[in-house]
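The exercises below ask you to read a protein model step by step. Try each task before reading its solution.

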Amino acid sequence: MGTKPRKLTDIFEEALFPSGLYCICCGSLIDESRTYALCDKCIKQFHWITGRTCDKCGKALPDTYRGELCYDCMAGQHIFKKGYSCLTYGLHERELLMGYKYSGKGYLAKKLGEMLYDRISCEDLDVDIIVPVPIHKKRERQRGYNQAELMAKRLADLWGVPVADRGFLRTRQTPLLRSLGPEDRQSYLEGAFAVTAAGQRAIGGKRVLVVDDIYTTGATADAFSKELLKAGAGEVYLLTLASGGNRRPKGL
């Protein structure tokens with residue numbers, strides 16, 4: 001396959017935010033040879049998922065862990081077929097993602113999308129279409145972009161799989177879920193997504209890869225997957241940039 005011609009938007013973005021000058025995490029000077037525009041120190045401090053993973057959600061599992069499923073997946077079933085993730089969510093991952101989501105650093109999507117591509121291209125996975133998890137229009141106006149959508153578009157360019165970014169809605173603005181327990185998350189997300197007629201045409205009978213930034217309990221992924229399957233999707237897979245650790249529930 002030949003190299004794809006660069007889009008004008010990519011050229012303009014590179015001129016404004018050169019990707020080979022500064023580490024995208026700590027801001028130290030680097031050169032263009034650095035993978036994902038991360039300095040040597042930061043790339044070593046990230047928790048890359050390269051070993052064992054949960055057979056269902058894709059969270060990292062320690063080598064000493066005996067099960068094939070993480071604690072969360074053993075506690076309940078998920079609607080999506082299988083998940084994959086690039087990183088385990090820690091302090092450095094949090095710093096990068098908080099800047100990307102809340103500090104106007106949408107230009108980071110280029111490198112984050114490359115991380116997604118490198119992760120999923122290692123898997124024997126064949127999908128027909130990529131769908132980013134939608135955010136509420138009010139939150140998108142405040143933020144200036146949907147962080148999942150920007151990463152999904154970069155992934156689509158690299159992978160050659162089309163992305164559907166229209167026809168999928170967040171019907172109401174839910175509170176930030178990171179402070180809520182699993183049951184509260186499910187309750188708040190009930191009916192929070194919808195698929196329009198255009199979305200139904202885009203995914204009907206297809207194998208869908210849902211893209212999001214962070215996976216914790218799977219409540220968001222399940223709520224959105226449920227609506228996609230109701231709308232006619234054949235199968236739903238999940239790819240996230242970071243996922244939570246395999247934490248043992250209290251009492252076990």
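**Exercise 1. The protein as a whole**

Task: Find what share of the residues in the protein is buried, and state how confident the predictor is.

Solution. Begin with burial: of the 252 residues in the protein, 46% are buried. The accessible surface comes to about 13300 Å², and carbon and sulfur atoms account for 51% of that surface. Next, list the secondary structure, which consists of ten helices and six strands. Then look at how the chain contacts itself. Among contacts between residues at least 6 apart in sequence, 71% join residues at least 24 apart. Finally, turn to confidence, since this is a predicted model. The average pLDDT is 89, and 85% of the residues score at least 70. Residues 1–6 have a pLDDT below 50, and this stretch has five contacts in the model beyond near neighbours in sequence.

**Exercise 2. Helix α7**

Task: Describe the length of α7, its two ends and its surroundings.

Solution. Start with the length. Helix α7 covers residues 147–159, which is 13 residues, and its first and last C-alpha atoms are 18 Å apart, close to the 18 Å expected. At the N-terminal end, Asn146 acts as a cap: one of its side-chain oxygens lies 3.0 Å from the backbone nitrogen of Ala148. After the helix comes Gly160, with a positive phi near 80°.

Now find the buried residues. They are Gln147, Ala148, Glu149, Met151, Ala152, Arg154, Leu155, Ala156 and Trp159. To read such a list, recall that an α-helix has 3.6 residues a turn, so residues three or four places apart point the same way. The cover over the buried residues of α7 includes the helices α4, α5 and α6 and the strands β2, β5 and β6.

**Exercise 3. The nonpolar cores**

Task: Which residues touch the most other members of the largest nonpolar core?

Solution. The core has 39 residues, and those with the most contacts to other members are Leu38, Met115, Ile130, Leu155, Leu209 and Leu241. The elements that contribute two or more residues to this core are β1, α4, α5, α7, β5 and β6. Take Ile130 as a case: its contacts include Ala152, Leu155, Ala156 and Trp159, as well as Leu209 and Val211. A separate core has 31 residues, including Leu61, Phe193, Ala202 and Ala221. As a general background, nonpolar side chains tend to be buried together in soluble globular proteins.

**Exercise 4. Two positive phi angles**

Task: What are the phi values of Tyr36 and Ala37, and are these residues buried or exposed?

Solution. First recall the usual case: most residues other than glycine have a negative phi. Tyr36 is not a glycine, yet its phi is positive, about 55°. Ala37 also has a positive phi, near 55°. Next, place them: Tyr36 is in the loop between α1 and α2, and Ala37 is found in that loop too. Last, apply the cut-off for burial, which is under 20% relative accessible area. Tyr36 has 12% relative accessibility, so Tyr36 counts as buried. Ala37 has 2%, so Ala37 is buried as well.

**Exercise 5. Asn246**

Task: Where is Asn246, and what does Asn246 touch?

Solution. Asn246 belongs to the segment after β6. Its relative accessible area is 19%, so Asn246 is buried. Leaving out residues up to four places away in sequence, Asn246 touches Ala60, Leu61, Pro62, Tyr65, Cys70 and Tyr71. With Tyr71 there is a polar contact: a polar side-chain atom of Asn246 lies 2.8 Å from the backbone nitrogen of Tyr71.

Terms used
Residues are numbered from 1 along each chain as its sequence is written. Side-chain values use heavy atoms; hydrogens and water are left out. pLDDT is the predictor's confidence in each residue, from 0 to 100. Contact means heavy atoms within 4.5 Å. Helices (H or I, at least four residues) and strands (E, at least two) are DSSP runs, numbered from the N terminus. The expected span of a helix is 1.5 Å times one less than its number of residues. Buried means under 20% relative accessible area, exposed over 50%, partly exposed in between (1.4 Å probe, protein chains only). A polar contact is a pair of N or O atoms within 3.5 Å; within protein, one must be able to donate a hydrogen and the other to accept it, and residues adjacent in sequence count only if both atoms are side-chain atoms. Accessible areas come from the Shrake-Rupley method with a 1.4 Å probe; for residues, only the protein chains shown count as cover. A nonpolar core is a set of buried Ala, Val, Leu, Ile, Met, Phe, Trp, Tyr and Cys residues joined through side-chain atoms within 4.5 Å.
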